[in-house]
Amino acid sequence: MAAEFREFQIFVKPVGARCNLNCSYCYYHEKMDIEVTVPGGIMSDEVPERYIRQHIEASTEPEIFFSWHGGEPILAGLDFFRRAVTFQKALMPADRTIPSAFSGLSAAVFLPWR
Ligand code: SF4
């Protein structure tokens with residue numbers, strides 16, 4: 001019997017629709033002003049930790065993909081992603097790998113990370 005795979009991805013938006021660009025075609029403009037419930041507009045530490053744990057537990061494939069989406073996800077800052085990688089490394093099963101990707105224009109790379 002073939003092994004059952006449940007390959008899936010979840011796109012997580014650590015800063016919601018916030019972005020430091022202003023593309024004319026952007027469908028997020030009307031969403032950028034939506035009030036977020038955490039100080040600084042960045043996802044609190046508990047959420048990515050819970051998400052990473054649940055995503056790893058639910059994944060059956062050898063590679064467990066993580067996709068950080070936006071707006072511009074790297075506006076969450078370098079420390080946010082350092083903590084996320086720390087959670088991923090701590091929870092990653094020994095026989096699995098965890099590729100991570102940013103979905104954004106990454107223009108904030110040229111700005112100082114918080
Ligand atoms: S980079 Fe993306 S989220 Fe930012 S303004 Fe352009 S289309 Fe919108």
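This report describes the fold, the sheet, the helix packing and the ligand surroundings of a predicted model.

## Basis of the description

Because the model is predicted, local features are reported only at pLDDT of at least 70 and side-chain atom pairs only at pLDDT 80 or more, whereas totals for chains, interfaces and linings use all residues. Residues are numbered from 1 along each chain as its sequence is written.

## Overall fold

The chain holds two helices and three strands, where helices (H or I, at least four residues) and strands (E, at least two) are DSSP runs numbered from the N terminus. Read from the N terminus, these elements follow the order β-α-β-α-β. Of the 114 residues in the chain, 24% are buried, a residue being buried if 20 or more other C-beta atoms lie within 10 Å of its own, exposed if 12 or fewer, and partly exposed in between, with C-beta atoms placed from the backbone. Among contacts between residues at least 6 apart in sequence, 85% join residues at least 24 apart; two residues are in contact if their C-beta atoms, placed from the backbone, lie within 7 Å.

## The sheet

The three strands form an open sheet in the order β1-β2-β3 with parallel pairing, and β1 and β3 (100-103) are the edge strands, each pairing on one side only. Two strands are taken to pair if DSSP finds at least two bridges between them. Two bridges link β1 to β2, and four link β2 to β3.

Trp 68 has a partner in each neighbouring strand, since Val 12 stands opposite Trp 68 in β2 and Trp 68 in turn stands opposite Phe 102 in β3. Phe 66 stands opposite Ser 100 in β3. In a regular strand the side chains alternate between the two faces of the sheet. Along β2, Phe 66 and Trp 68 point to one face and are buried, while Ser 67 and His 69 point to the other and are not buried.

## Helix packing

Helix α1 (residues 46-58) packs against α2 at an angle of about 35°, with the axes 10 Å apart; axes are lines fitted to C-alpha atoms, for helices over the stretch in contact, and angles run from 0 to 180 degrees between N-to-C directions. The crossing is right-handed, a term used if the near helix is turned clockwise from the far one by less than a right angle, and left-handed if anticlockwise.

On the α1 side the contact involves Pro 48, Glu 49, Ile 52, Arg 53 and Ile 56, which meet Ala 84, Phe 87, Gln 88 and Leu 91 in α2. These residues divide into six nonpolar, one polar and two charged, where Ala, Val, Leu, Ile, Met, Phe, Trp, Tyr, Cys and Pro count as nonpolar, Asp, Glu, Lys and Arg as charged, and the others, Gly among them, as polar.

## Around the ligand

The residues around the ligand (C-beta atom, placed from the backbone, within 6 Å of it) are Cys 19, Leu 21, Asn 22, Cys 23, Cys 26, Tyr 28, Gly 70, Gly 71, Glu 72 and Leu 105. By class, this shell has six nonpolar, three polar and one charged residues.

Gly 71 lies in the loop between β2 (66-69) and α2 (78-91), and a cis peptide bond, with omega about 5°, joins Gly 70 to Gly 71. Most peptide bonds are trans. Tyr 28, in the loop between β1 (11-12) and α1, is partly exposed because 16 other C-beta atoms lie within 10 Å. Tyr 28 and Gly 71 are 43 residues apart in sequence, yet their C-alpha atoms are 7.1 Å apart in space. Leaving aside neighbours within four places in sequence, Tyr 28 is in contact with Ala 17, Cys 19 and Gly 71.
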